[in-house]
Amino acid sequence: MELVIQPDAEHAARLVASLIAKALLEKPHLVLGLATGRTMERVYNHLVRMHREEGLDFSLCRTFNLDEYIGLRPDHPGSYRHYMDQHLFNHINIDHRNTYLPDGMAADLKAACRHYEEMIHEFGGIDLQLLGIGSDGHIGFNESLSALRSRTRDKALAPSTIAVNSTLFADPAEMPRRAITMGVGTILDAHAIILLVTGSSKADIVTKAVEGPITSMVSATALQLHPQCRVVVDEAAAVNLQAQDYYRWVFETEPEWAEFRR
Ligand code: F6R
């Protein structure tokens, strides 16, 4: 794992967008794993800007989102399909047929989950997976006690997740109680991972995720097992990290980060 501390949420998002852009330039057929949520909005703003101003090309790229609510139609303003269209897909040159989210309206949810895993496999696996973290340490919607080898499945959301995410619904009562999510095992199969964490409200959980013991109580701790996981945080989220000096030293001195230092 490598951890990079950026001055604020804007710089952190810009760095993540630059890492994605670099991966896309190196491999135009990139299979990109995407996340939704407030943290990602800044990243998608930067990707849209890079597409408009620098011609960043998504035409050959495929995307797989981590999760989708069960029981919301794709055009529902609270659905993750709607979020992705609004924040990214409608503003870049991606072929919408190459953008995949789990089918939360499927009559047979188990079959839909199996199909999602098969499609990821068919396209050679996810090259780069983007992640945020929930205040309970979830990645995707892998709430506490999700098996560290779990695959895509339907999952009950934690009351804390429902409380936080329902504020994004015009009528909070419309917030679904269940979602389809890639499993922790599915996420760990990605060739590379970027976890973005910003804001003081995430300071405790990111410290547990990165420096704490691996436990299914905090799904994000499983990322410690991944050989190519980069964690990008802002100063506000970094305050409790024990090895801050080391992380800053690596970012300032290692050649791989030279092009990203400003
Ligand atoms: C979203 C997802 C979640 C979010 C997490 C953080 O697709 O999988 O794990 O990344 O809940 O959400 P925000 O950024 O809204 O705090």
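Biologist: Where in the chain is the place of Ser219?

Modeller: In this predicted model, Ser219 belongs to the loop that runs between α7 (203-211) and β10 (229-234).

Biologist: Does one call Ser219 buried or exposed, and why?

Modeller: A residue counts as buried when its relative accessible area is under 20%. Ser219 has a relative accessibility of 1%, and therefore counts as buried.

Biologist: Which residues is Ser219 in contact with, leaving aside its neighbours within four places in sequence?

Modeller: Ser219 is in contact with Gly137, His138, Ile139, Asn142, Glu143, Ser146 and Val184. For Asn142, a polar atom of the Ser219 side chain lies 2.7 Å from the backbone oxygen.

Biologist: I should now like to consider pockets. How does one find empty space in a model?

Modeller: Such space is shown by rolling a probe the size of a water molecule over the atoms. Here the largest pocket has a volume of about 770 Å³. It is lined by 35 residues, and Thr36, Gly37, Arg38, Asn165 and Leu168 are the closest to its centre.

Biologist: Which element supplies the largest share of that lining, and how does the lining of the largest pocket divide by class?

Modeller: The largest share, five residues, comes from α3. By class, 18 residues of this lining are polar, 11 nonpolar and six charged.

Biologist: What is the volume of the second largest pocket, and which helix gives the most to its lining?

Modeller: The second largest pocket has a volume of about 280 Å³. Among its 15 lining residues, Ala23, Glu26, Leu128, Ala192 and Arg230 are the closest to its centre. Helix α1 (residues 9-26) gives the most to this lining, with four residues.

Methods:
Residues are numbered from 1 along each chain as its sequence is written. This is a predicted model: local features need pLDDT of at least 70, side-chain atom pairs count only at pLDDT 80 or more; totals for chains, interfaces and linings use all residues. Side-chain values use heavy atoms; hydrogens and water are left out. On a 1 Å grid over the protein atoms alone, a cavity is a set of points where a 1.4 Å probe fits but cannot get out, and a pocket is an open set with protein on both sides within 12 Å along at least five of seven lines; lining residues have an atom within 4 Å of a point. Grid points are joined across faces, edges and corners, and a volume is the space filled by probe spheres set on the points. Helices (H or I, at least four residues) and strands (E, at least two) are DSSP runs, numbered from the N terminus. Ala, Val, Leu, Ile, Met, Phe, Trp, Tyr, Cys and Pro count as nonpolar, Asp, Glu, Lys and Arg as charged, and the others, Gly among them, as polar. Buried means under 20% relative accessible area, exposed over 50%, partly exposed in between (1.4 Å probe, protein chains only). A polar contact is a pair of N or O atoms within 3.5 Å; within protein, one must be able to donate a hydrogen and the other to accept it, and residues adjacent in sequence count only if both atoms are side-chain atoms. Contact means heavy atoms within 4.5 Å.
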